[in-house]
Amino acid sequence: MIRELAKVADKLGREKGVSREILAEALKEAIVAAVGRKIGKYLEPDVVVDLDRGHIEILVPKEVSEDVTNKWFEIDMDEAAKYKENPQLGDVLMVSVTLDDLGRQAALVAKQKLFEKLRDAERQVVFDQFNNKKGDIVNGTLLKADRDLLTVSIGKTEAILPRREMMAGDYFNRGDYVRALLLDIKTHKGWPQLVLSRTHPEFMRKLFETEIPEVFEGIIDVKSVAREPGDRAKVAVYSQNSNIDPVGACIGLKGSRINSISHELRGEKIDVVEWSPDPVRFVCNAISPAEVVLTNVFEDEGTIEVVVPDDQLSLAIGKKGQNVRLAARLTDWRIDVLKESEYAEIRKERLVAQEQEMKDFYELYNLENLEGLEDSVISELLEAGIDDIEKLSNATPDELTESLELTEEEGVALINKAIDYLSSKLEEAGVFEEGELEELDEEESKDGEEDR
């Protein structure tokens, strides 16, 4: 029975990739549990497992007794003499037993415990083997295909490839070779479940590392990837070595390198563009193959406006907006594409709007709007660099007394006149209710006094 158990354990261990040390420990724990089931857990046996020789020795403690009433706890003098020379009554000897001695029930317990331990060991082996491979490419063969997922054999374990992680053109038959990214390791019913993906952008990055030596060696860096899996992708590459053409190196001679990646991805068209730390240049590269005539950056909105020749608008936008959509995801900028003729009209409107804005500003903040302000004073203010009412409201009495030869009281009065004017205009514009501005001033004054 023991040899049979050791043989089964050895076979299962090799199939599951469990080391012989872990296997021996699992077998030992299984036998200890079986012995404990038979004679009680307080008399812990010694178990020695030698899988190389297929040998298992079980020793249980027994007390030398003149009158044996329980053969599992006591041993007579004649039997004790086989284990110790000149034994004495009360001596506790470790006596060899077999699983057959323990009975069929104990053997079944040992077998059950062994399978439990092996399963625990296998679970840990799978986790240890693949935990540091998350984000790497793994290879396997298709075992079966269900409605929602594929089951893929990877070495001595299995992984799932959910349908949502497959490309539109992916079709595999049983036994077909499957190459995918190890996306995650989840726990399903207490067992590590490997989840694969062929649509993740990182799969593209890893394929570049696999197929292009310069990327693998770190000479070329894949900065970002944007994909519409199975259809089209954009990949931004960069090299600090000025002698290296990162785009040309990735494409390869007559497209040999990029074609092998595209073939793996069911013909997915891949645009390789050069990454740049300058966002405008990067966006211009990303929007290729369209030619960019002009760009405007709106940093607050995270937007770059791109102007292209009229005949290249469709090229820049792409089929159903795919080109500009991928470029935006690649660069992490919102991209507005305009054709030249359209931009010319927009530019005219913007110039008109700017002129109107300047006019409104001039009309609102012109120093001449202050009643009672003489032309000579206005001239002196302009010479002092105070060319509008807002600047005057922010001036200090000292600045005015130095520049305009005014007394401090006259300077304060002039500043207050500017503030009153601005307050009235803000109230007219509905920015503040009547008297609200004065309340804010009072609160600020109180805060200032408290700070002091």
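**Entry 1: negative surface patch**

I began with helix H16 (397-404) and helix H17 (408-428), each of which supplies at least two residues of a negative patch. I note that the model is a predicted one. I then listed the members of this surface patch of negative charge: Asp398, Glu399, Glu402, Glu408, Glu409 and Glu410. I looked up Glu408 individually and placed it in helix H17. Its relative accessible area is 48%, so I recorded Glu408 as partly exposed.

**Entry 2: salt bridges**

I turned next to pairs of opposite charge. Such side chains can pair when their charged atoms come close. I obtained a count of 23 salt bridges.

I examined the pair Asp170 and Arg198, whose side chains form a salt bridge with an N to O distance of 2.8 Å. Asp170 sits in the loop between strand E7 (157-162) and strand E8 (177-188), and Arg198 in the loop between strand E9 (191-197) and helix H6 (201-211), so this bridge ties together parts 28 residues apart in sequence. Are these two partners buried or exposed? I found Asp170 buried, at 8% relative accessibility. Arg198 is buried as well, at 1%.

I then examined Glu211 and Arg179, which form a salt bridge with their closest N and O atoms 3.6 Å apart. Glu211 belongs to helix H6 and Arg179 to strand E8, so the pair ties together parts that are 32 residues apart in sequence. I recorded Glu211 as partly exposed, with a relative accessible area of 28%, whereas Arg179 counts as buried at 14%.

I also looked up Lys223 and Asp221, whose side chains meet in a salt bridge at 3.6 Å, N to O. Lys223 is partly exposed at 35% relative accessible area, and Asp221 is partly exposed at 37%. Which residues are joined into one network by salt bridges that share partners? I listed Asp170, Arg179, Arg198, Glu211, Glu264 and Arg266.

**Entry 3: nonpolar cores**

I moved to the interior. Nonpolar side chains tend to be buried together in soluble globular proteins. I found that the largest nonpolar core holds 24 residues, and that Leu27, Ile31, Val35, Val49, Ile56 and Ile58 touch the most other members. Helix H2 (20-39), strand E1 (46-50), strand E2 (55-64), helix H4 (99-102) and helix H5 (104-131) each supply at least two residues of this core. Which element gives the largest share? I recorded H2, with nine residues. I noted another core lying apart from this one; its 23 residues include Met204, Phe208, Val225 and Ile261.

**Entry 4: backbone geometry**

I looked up the peptide bond between Ser288 and Pro289 and found it cis, with omega about 20 degrees. Pro289 is in the loop between helix H10 (279-286) and strand E13 (294-298).

I then looked up positive phi values. Arg266 has a positive phi of about 60 degrees, although it is not a glycine. I located Arg266 in the loop between helix H9 (256-264) and strand E12 (269-274), and recorded it as partly exposed at 36% relative accessibility. Arg266 had already appeared in my notes as a member of the salt-bridge network.

Lys320, also not a glycine, has a positive phi of about 55 degrees. I placed Lys320 in the loop between helix H11 (313-317) and helix H12 (322-331). Its relative accessible area is 74%; a residue counts as exposed over 50%, and I therefore entered Lys320 as exposed.

Methods. Residues numbered from 1 in each chain as written. Predicted model: local features only at pLDDT ≥ 70, side-chain atom pairs only at ≥ 80, totals over all residues. Heavy atoms only, no water. Patch = residues over 30% accessible without salt bridge, like charges linked within 9 Å, V, L, I, M, F, W, Y side chains within 5 Å. Areas by Shrake-Rupley, 256 points an atom, 1.4 Å probe, with all protein chains shown as cover. Salt bridge = Lys/Arg side-chain N within 4 Å of Asp/Glu carboxyl O. Lys, Arg positive; Asp, Glu negative; His and termini not counted. Charge placed at Lys NZ, Arg CZ, Asp CG, Glu CD. Helix = DSSP H or I, 4+ residues; strand = E, 2+ residues; numbered from the N terminus. Buried < 20%, exposed > 50% of the residue type's maximum accessible area, 1.4 Å probe, protein only. Core = buried A, V, L, I, M, F, W, Y, C linked by side-chain atoms within 4.5 Å.
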